[in-house]
Amino acid sequence: MSYSYQIKSLEQYRETYKKSVEDPEGFWGVIAKQFSWKRPWDKVLDWNFTGPEIKWFAGGKLNITENCLDRHLEKLADKPAIIWEPNDPSENNRILTYKELYREVCKFAQVLRNNQVKKGDRVCIYMPMVPELPIAVLACARIGAIHSVVFGGFSAQSIADRIQDAQCSIVITSDGGFRGNKEIPLKSVIDEALLSSPSAKKVIVLKRTQSLVMMKPGRDLWWDEELKKVEAGSSQDFPAETMDAEDMLFILYTSGSTGKPKGVVHTCGGYMVYTNYSFVNTFQYRQGEVFFCTADIGWITGHSYIIYGPLSAGATSLMFEGIPTWPNAGRFWDIVDKYKVNILYTAPTAIRSLMGFGLDPVKGKDLSSLRILGTVGEPINEEAWHWYDEHIGKKKCPIVDTWWQTETGGILISNLAGVTPSKPAHATLPLPGIQPVLVDENGNVVEGTDAAQNAIDSKMPGELKSGNLCIKFPWPSIIRTTYGDHNRCFQNYFSAYKNLYFTGDGALVDEGGNYRITGRVDDVLNVSGHRIGTAEVENAINMHARVVESAVVGYPHDVKGQGIYAFVIRQGVQFDKEQDRKEIIQTVTKIIGAIAKPDKIQFVSGLPKTRSGKIMRRILRKIAEGETSNLGDTTTLLDPSVVEEIKNGKL
Ligand code: WTA
């Protein structure tokens with residue numbers, strides 16, 4: 001069987017998709033041959049969703065960094081691998097060629113080895129968006145250590161939970177970080193986190209802000225001093241550790257419907273194959289182009305499409321330290337102009353926020369280098385889609401609306417730029433190898449929504465269908481486990497519907513088979529593209545001494561997509577409401593981080609509960625959305641009168 005690695009036409013897409021679902025092993029076996037393996041695999045795929053037990057390329061040996069770095073040295077040594085644009089435009093930028101990045105990764109791998117980090121050890125990385133972050137990530141991968149990157153906006157408590165859960169032995173951080181006109185004191189947050197994380201014995205600290213930090217003797221080491229020791233040595237190459245395809249590559253924590261974030265685990269072989277394949281096909285990357293993904297490496301988008309996807313494809317990946325609105329709302333367009341960016345990949349929330357500044361920030365910026373635009377992280381509304389298309393892409397750039405998740409490792413449903421048709425607000429079609437279906441509330445597949453079956457039968461859904469989005473067959477970068485608790489992985493993703501991976505999202509499929517993701521159907525919020533569990537926020541609010549109970553729901557927010565609305569019962573109603581609100585927000589910031597701050601806090605005397613004590617979130621959601629009539633059946637409530645009170649007090 002022969003496939004072209006990069007799909008070039010709609011017809012070729014249809015043909016490839018069909019083959020990929022008729023013979024997934026044959027398909028992925030051919031795709032995976034494109035990479036550099038130290039030993040070939042024995043079997044392409046072994047799987048069941050009842051464990052789950054999923055193995056891709058079993059027996060294969062590799063190191064992902066050899067695929068991201070070493071194999072490019074012959075042809076692309078002097079090509080920029082990473083372009084780094086600093087927060088402050090007046091500071092010097094940095095460009096690392098493939099050869100330079102290779103050197104830096106080897107040196108830092110040696111630093112880790114010198115500090116007794118071994119294959120399989122967990123390493124927590126809490127850093128700003130500077131080149132040393134991907135260097136640290138790749139250095140871990142090079143020695144076979146498992147990285148766990150924690151987003152720079154999380155609190156000490158959140159970091160401590162994550163370090164403890166994974167039993168990380170070392171933390172890599174910096175004195176601080178710059179974001180807009182703010183300085184984030186990363187090291188002091190780590191100091192606090194480590195008070196309750198005994199597994200972490202060492203901290204390597206990069207100097208970024210040059211601010212004064214406490215260095216604990218015997219525990220804390222400066223990045224530059226450790227590097228000097230290596231530079232004084234004879235060899236600066238560092239042989240890549242041999243990894244099994246199914247060895248863990250990294251852990252990334254993400255929110256679910258329970259109070260505790262889950263450590264999503266990805267493995268070396270399948271993740272490499274899929275991030276590369278999805279990158280090359282979705283964005284139709286051409287050698288020499290500059291790819292700018294605006295995500296933070298603390299999230300999955302940064303892992304897959306700043307680091308592993310682009311670098312394994314020999315692309316130039318642009319990373320930006322700052323924020324889109326500083327020093328002004330033209331910053332993205334300045335960057336596109338300055339580096340002649342060809343592909344821009346950002347989030348709907350960023351587009352909506354920039355739309356709010358009007359067209360002045362776009363004026364006079366040369367955006368003619370742009371060839372392709374992308375979005376990710378949440379549903380994009382049509383208005384934002386058209387603004388992006390018209391004012392940024394000048395109606396010449398295909399927009400890819402890419403749907404995926406931390407758990408999926410890479411893009412699963414998206415148009416392929418300029419190759420398969422786009423449709424505003426629709427992620428459209430599954431990538432080859434991806435087999436989505438919609439199920440109804442009884443767990444039955446909704447007729448006509450099985451993409452793979454439709455391809456095999458040469459059929460289309462024919463009419464609009466809706467349901468919960470599931471995937472019925474594994475792909476190489478599917479979640480393997482939740483760290484330390486395999487049963488939780490099963491319960492969360494594979495138990496709702498037998499033999500299906502359940503995404504937690506609701507979706508529609510149009511008559512032509514285009515998927516439109518409508519949003520989460522579980523208790524997970526999507527605030528500015530960040531996943532936040534309502535239970536997590538409630539737990540944090542309940543930590544406040546005067547809070548008795550709380551219930552958190554999402555409501556539509558013009559810029560963030562969803563805002564956080566908290567209904568709170570407090571003790572001692574005589575206290576100042578404003579003061580309590582302030583303190584509750586501070587508590588949430590301290591327990592989770594500023595990203596989970598409630599936008600609205602309404603004090604109530606009771607919550608709508610069923611006789612069995614379950615909070616009826618459906619009613620709260622409707623009230624928060626501004627719906628006051630049509631609240632549905634409230635007769636099963638323990639005390640229907642609280643609903644009136646809550647409605648009257650709506651903020
Ligand atoms: C949502 C981010 C609509 C969805 C890569 C999913 C989207 C969650 C889209 C995963 C999209 C992501 N259209 N919704 N194109 N992309 N989502 O794990 O609800 O941070 O389940 O991964 O974001 O968020 P996560």
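What is the strand order in the open sheet of eight strands? The order is S12-S11-S8-S6-S7-S14-S15-S23, and the pairing is mixed. Keep in mind that this is a predicted model.

Start at the edges. Strand S12, residues 220–222, stands at one, and strand S23, residues 481–482, stands at the other. Each has a single partner strand, so one side of each is left without a neighbour in the sheet.

Now move inward. Strand S14 covers residues 248–254, and strand S15 covers 262–267. These two run antiparallel and share six bridges. For a register check, take Ile-251, which stands opposite Val-265 in S15.

A helix packs on this sheet. It is H6, residues 132–143. H6 touches S6 (122–126), S7 (146–149), S8 (170–174), S11 (202–206) and S14. Its direction makes about 175 degrees with that of S6.

Next, the cavities. Here is the idea behind the search. Rolling a probe the size of a water molecule over the atoms shows where empty space is left. How many cavities of 30 Å³ or more are there? The count comes to two. The largest has a volume of about 50 Å³. Its lining includes Val-149, Val-150, Phe-151, Phe-154 and Arg-162. Leu-252, Tyr-253, Gly-298 and Trp-299 also line this largest cavity. Val-149 falls within the range of strand S7, 146–149. Leu-252 and Tyr-253 fall within that of S14, 248–254.

On to charges. The structure holds 47 salt bridges. I picked a few.

Arg-208 and Glu-91 meet through their side chains, at 2.9 Å from N to O. Arg-208 sits in the loop between S11 and S12. Glu-91 sits in the loop between strand S4 (80–85) and strand S5 (94–97). The pair therefore ties together parts that are 117 residues apart in sequence. Which partner is buried, and which is partly exposed? Arg-208 is at 12% relative accessibility, so it counts as buried. Glu-91 has a relative accessible area of 30%, so it is partly exposed.

Second pair: Lys-340 and Asp-337. Their closest N and O atoms are 3.0 Å apart. Lys-340 is partly exposed, at 39% relative accessible area. Asp-337 also counts as partly exposed, at 21%. The cut-off for buried is under 20%.

Third pair: Lys-609 with Glu-549, with closest N and O atoms 3.0 Å apart. Lys-609 lies in the loop between strand S30 (600–603) and helix H19 (617–624), while Glu-549 lies in strand S28. So this bridge ties together parts that are 60 residues apart in sequence. Glu-549 is partly exposed, at 23% relative accessibility.

There is a network, too. Lys-187, Asp-191, Arg-219 and Asp-220 are joined by salt bridges that share partners.

Now two hairpins.

Take S26 and S27 to begin. Strand S26, residues 524–527, pairs antiparallel with S27 over four bridges. Leu-525 stands opposite Ile-532 in S27. Two residues separate the strands of this hairpin. In the turn, Ser-528 has a positive phi of about 50 degrees. Which way do the residues of strand S27, 530–533, point? His-530 and Ile-532 point one way, and Arg-531 and Gly-533 the other. All four are buried.

Then S28 and S29. They form a hairpin with three residues between them. The pairing is antiparallel, over 10 bridges, with S29 covering residues 561–570. Gly-554 has Ile-564 in S29 as its bridge partner.

Just before S28 comes a loop, and it holds His-544. That loop runs between helix H17 (534–542) and strand S28 (547–557). Is His-544 buried or exposed? At 8% relative accessibility, His-544 counts as buried. Beyond its sequence neighbours up to four places away, His-544 touches Asp-580, Glu-583, Ile-584 and Thr-587.

Last stop: Leu-651, in the segment after helix H20 (641–648). Leu-651 is partly exposed, with a relative accessible area of 39%. What does Leu-651 touch, leaving out residues up to four places away in sequence? The contacts are Tyr-565, Arg-581, Lys-600, Ile-601 and Gln-602. Tyr-565 is 86 residues away along the chain, yet the two C-alpha atoms are separated by 9.2 Å. Tyr-565 also falls within the range of S29, 561–570.

How values were computed: Residues numbered from 1 in each chain as written. Predicted model: local features only at pLDDT ≥ 70, side-chain atom pairs only at ≥ 80, totals over all residues. Heavy atoms only, no water. Buried < 20%, exposed > 50% of the residue type's maximum accessible area, 1.4 Å probe, protein only. Contact = heavy atoms within 4.5 Å. Pairing = 2+ DSSP bridges. Axes fitted to C-alpha atoms, helices over the stretch in contact; angles between N-to-C directions. Salt bridge = Lys/Arg side-chain N within 4 Å of Asp/Glu carboxyl O. 1 Å grid on protein atoms, 1.4 Å probe; cavity = no way out; pocket = protein on both sides within 12 Å on 5 of 7 lines; lining within 4 Å. Points joined across faces, edges and corners; volume = space filled by probe spheres on them.
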